[in-house]
Amino acid sequence: MRNFRIIIIRLSSISIFLSAWHLLVYFNIKDPLYFNNIPSPIKVIDSWKDELLNPIYFKNISVSLYRVLTGIILAIFIGFPLGVLAGINKYIYNCVFAVTEIFRPIPLLAYVPIVAILFHGVEGSIIFVTFIGAFFPILVNVVEGMGKIPKRLVYIIEVNNGRFFDKLIKLYIPYITSALYTGTLVGVGASWMGVITAETLSGTFGIGYYTWNAYQTFQYEKVFIGMFTIGILGFFSSLILRILKSTILKDFFRVM
């Protein structure tokens with residue numbers, strides 16, 4: 001019953017949003033915003049139906065998905081072990097902290113011209129931006145998670161002649177899974193922002209390029225289709241992580 005109520009509330013909020021949008025366009029509201037310049041939700045939905053039959057639309061989605069997924073996987077494989085090492089060794093922590101605090105606040109948009117110079121191809125530069133978007137949230141959260149591990153547990157493993165691998169499997173991974181999950185959840189959103197930004201400026205395919213190209217060619221229905229597609233993709237990306245947390249990874253979270 002509770003889940004049914006939640007579904008009703010969420011569907012109602014979407015209905016209210018679409019109704020308000022339709023009325024603002026229908027009555028040609030021009031103050032304070034120019035709603036007369038945008039298409040109605042009905043026009044967007046009709047155009048979306050046509051796009052669902054267009055293979056190029058799905059190619060753009062698959063290209064963006066590949067870029068985001070690649071960037072996130074790279075961020076996990078680099079950010080996780082680096083965060084663990086930084087949590088163990090103060091020297092590594094200070095080195096990582098110094099570099100991280102310089103580059104972490106830089107907006108992803110500012111990386112685009114630099115990576116365009118560094119990489120020979122467009123694909124590598126876009127994937128790097130998605131990697132940066134996920135890397136810093138994962139790294140910071142893993143380091144914070146390492147700092148919360150009880151020292152007595154580390155001591156217990158050490159007095160029992162436990163090596164680094166023993167501590168990694170029995171202690172570090174179970175205890176920082178929650179931190180890794182949080183960092184990845186934040187990183188997924190940042191990666192989507194990064195890929196859209198990079199595709200807008202230097203892409204030839206991808207949902208970001210699709211949206212920007214629609215704007216430049218005055219196809220405003222497609223601009224909204226691109227925006228909502230990005231939102232849906234980001235939503236399902238986060239949903240998959242939440243499902244993983246409640247199913248496959250649930251045993252790790254019980255440690256906390």
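Student: What makes the lining of the largest pocket count as nonpolar, polar or charged in this predicted model?

Tutor: Sort the lining residues by class: 13 are nonpolar, none are polar and 2 are charged. Ile, Leu, Trp and Phe are among the types that count as nonpolar. The pocket itself has a volume of about 530 Å³. Of its 15 lining residues, I14, L18, W48, F228 and I232 are the closest to the centre. Helices α1 (2–26), α2 (41–51) and α10 (220–246) each give two or more residues to that lining.

Student: Why is L18 called partly exposed?

Tutor: Partly exposed means between the 20% and 50% cut-offs. L18 has a relative accessible area of 31%, so the label is partly exposed. You'll find L18 in helix α1. L18 also belongs to a nonpolar surface patch with I7, L11, I14 and F17, and together they have about 460 Å² of accessible area.

Student: How do you know that K222 and E51 form a salt bridge?

Tutor: Check the gap between the side-chain nitrogen and the carboxyl oxygen, which has to be within 4 Å. For K222 and E51 the closest N and O atoms are 3.7 Å apart, and the pair is a salt bridge. K222 sits in helix α10 and E51 in helix α2, 171 residues apart, and the pair links distant parts of the chain.

Student: And why does E51 count as buried or exposed?

Tutor: Buried means under 20%. E51 has a relative accessible area of 6%, so E51 is buried.

Student: What makes R67 and E199 a salt bridge?

Tutor: Same kind of check: the cut-off is 4 Å, and their N to O distance is 2.8 Å. R67 lies in helix α3 (residues 55–88) and E199 in helix α8 (residues 164–202), so this pair ties together parts that are 132 residues apart in sequence. R67 has 2% relative accessibility, so R67 counts as buried. E199 is at 0%, so E199 counts as buried too. A network of salt bridges links R67, E199 and E123.

Student: Why are R104 and E101 called buried, exposed or partly exposed?

Tutor: Put both values against the 20% and 50% cut-offs. R104 has 39% relative accessible area, so R104 is partly exposed. E101 is at 32%, so E101 is partly exposed as well. Their side chains meet in a salt bridge, at 3.0 Å from N to O.

Student: How many salt bridges turn up in the whole structure?

Tutor: The search finds 4.

Methods
Residues numbered from 1 in each chain as written. Predicted model: local features only at pLDDT ≥ 70, side-chain atom pairs only at ≥ 80, totals over all residues. Heavy atoms only, no water. 1 Å grid on protein atoms, 1.4 Å probe; cavity = no way out; pocket = protein on both sides within 12 Å on 5 of 7 lines; lining within 4 Å. Points joined across faces, edges and corners; volume = space filled by probe spheres on them. Helix = DSSP H or I, 4+ residues; strand = E, 2+ residues; numbered from the N terminus. Patch = residues over 30% accessible without salt bridge, like charges linked within 9 Å, V, L, I, M, F, W, Y side chains within 5 Å. Areas by Shrake-Rupley, 256 points an atom, 1.4 Å probe, with all protein chains shown as cover. Buried < 20%, exposed > 50% of the residue type's maximum accessible area, 1.4 Å probe, protein only.
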